[in-house]
Amino acid sequence: EIFEQVLELGATQFDKKDKKAYKKAQLASLGCSVKEKQKMPFKMYQNRMKQNKEKEAKKLVQEIESGVVTGRTNTPKKNSATRRQEEYRRKKKNIYGKTTSNHVLDVDSPSVGRFKNGILRIRESEF
């Protein structure tokens, strides 16, 4: 424990490269897998997104022409408030149709961050 405290105190004086490595090690010790985004110029990113949209449009046209049935529907999307209400109602009922309380007692909950859909989400300000 003393070693960890000394290391944490010394981490404030690390240079940029060592700070990144230290933060990655901290996240790994919490059980996270840190994935770095590939950096690229914004113009290249915009072109890539444009090409992806064009590919999706072509694919959709081909699927319609060939008569392939997919899970997609052409119905308009619901707004976020409606989705949140439906999700809340779904979560509130258990398998027997009875309503349950909103909080769940979690014995093995993490001390840092929060779990959502099986993923530990940690903000940079939390560690």
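Here is a short briefing on the structure above, from its overall make-up down to a few individual residues. The model is predicted, and the mean pLDDT of its protein chain is 77. Four helices and two strands make up the secondary structure, and only a small set of residues is picked out below.

**Overall make-up**
- Reading from the N terminus, the elements follow the order α-α-α-α-β-β.
- The protein chain has 127 residues, and 6% of them are buried.
- About 12,700 Å² of the protein chain is exposed, with 53% of that area supplied by carbon and sulfur atoms.
- Taking the contacts with a separation of 6 or more, 24% link residues that sit 24 or more positions apart.

**Confidence along the chain**
- A pLDDT of 70 or more is reached by 77% of the residues in the protein chain.
- Among the elements, helix α3 (residues 42-66) has the highest mean pLDDT, at 92, while helix α4 (residues 80-92) has the lowest, at 76.
- Please take care with residues 100-107, where the pLDDT is below 50; beyond near neighbours in sequence, this stretch has four contacts in the model.
- Where pLDDT is low, it is best not to read the predicted coordinates in detail.

**Aromatic pairs**
- Two aromatic pairs are found in the structure.
- One of them joins Phe14 and Tyr22, with ring centres 5.9 Å apart and planes at 75 degrees to each other.
- That pair is edge-to-face because the angle of 75 degrees between the planes is over the cut-off of 60.
- The two partners fall into separate accessibility classes: Phe14 is partly exposed at 28% relative accessibility, whereas Tyr22 is buried at 17%.
- Tyr22 counts as buried because its relative accessible area of 17% is under the 20% cut-off.

**Helix α2 and a long-range approach**
- Leu27 belongs to helix α2, which covers residues 16-30.
- With a relative accessibility of 14%, Leu27 is buried, as this value is under 20%.
- Leu27 and Glu124 are separated by 97 residues in sequence, yet their C-alpha atoms are 9.8 Å apart in space.

**A nonpolar patch at the surface**
- Phe42, Tyr45 and Met49 together make a nonpolar surface patch of about 310 Å².
- Met49, one of these three residues, lies in helix α3.
- Met49 is partly exposed, with 31% relative accessibility; it can take part in the patch because this value is over the 30% required of patch residues.

Methods:
Residues numbered from 1 in each chain as written. Predicted model: local features only at pLDDT ≥ 70, side-chain atom pairs only at ≥ 80, totals over all residues. Heavy atoms only, no water. Phe/Tyr/Trp six-rings, centres within 6.5 Å; stacked < 30°, edge-to-face > 60°. Buried < 20%, exposed > 50% of the residue type's maximum accessible area, 1.4 Å probe, protein only. pLDDT = per-residue confidence, 0-100. Contact = heavy atoms within 4.5 Å. Patch = residues over 30% accessible without salt bridge, like charges linked within 9 Å, V, L, I, M, F, W, Y side chains within 5 Å. Areas by Shrake-Rupley, 256 points an atom, 1.4 Å probe, with all protein chains shown as cover. Salt bridge = Lys/Arg side-chain N within 4 Å of Asp/Glu carboxyl O.
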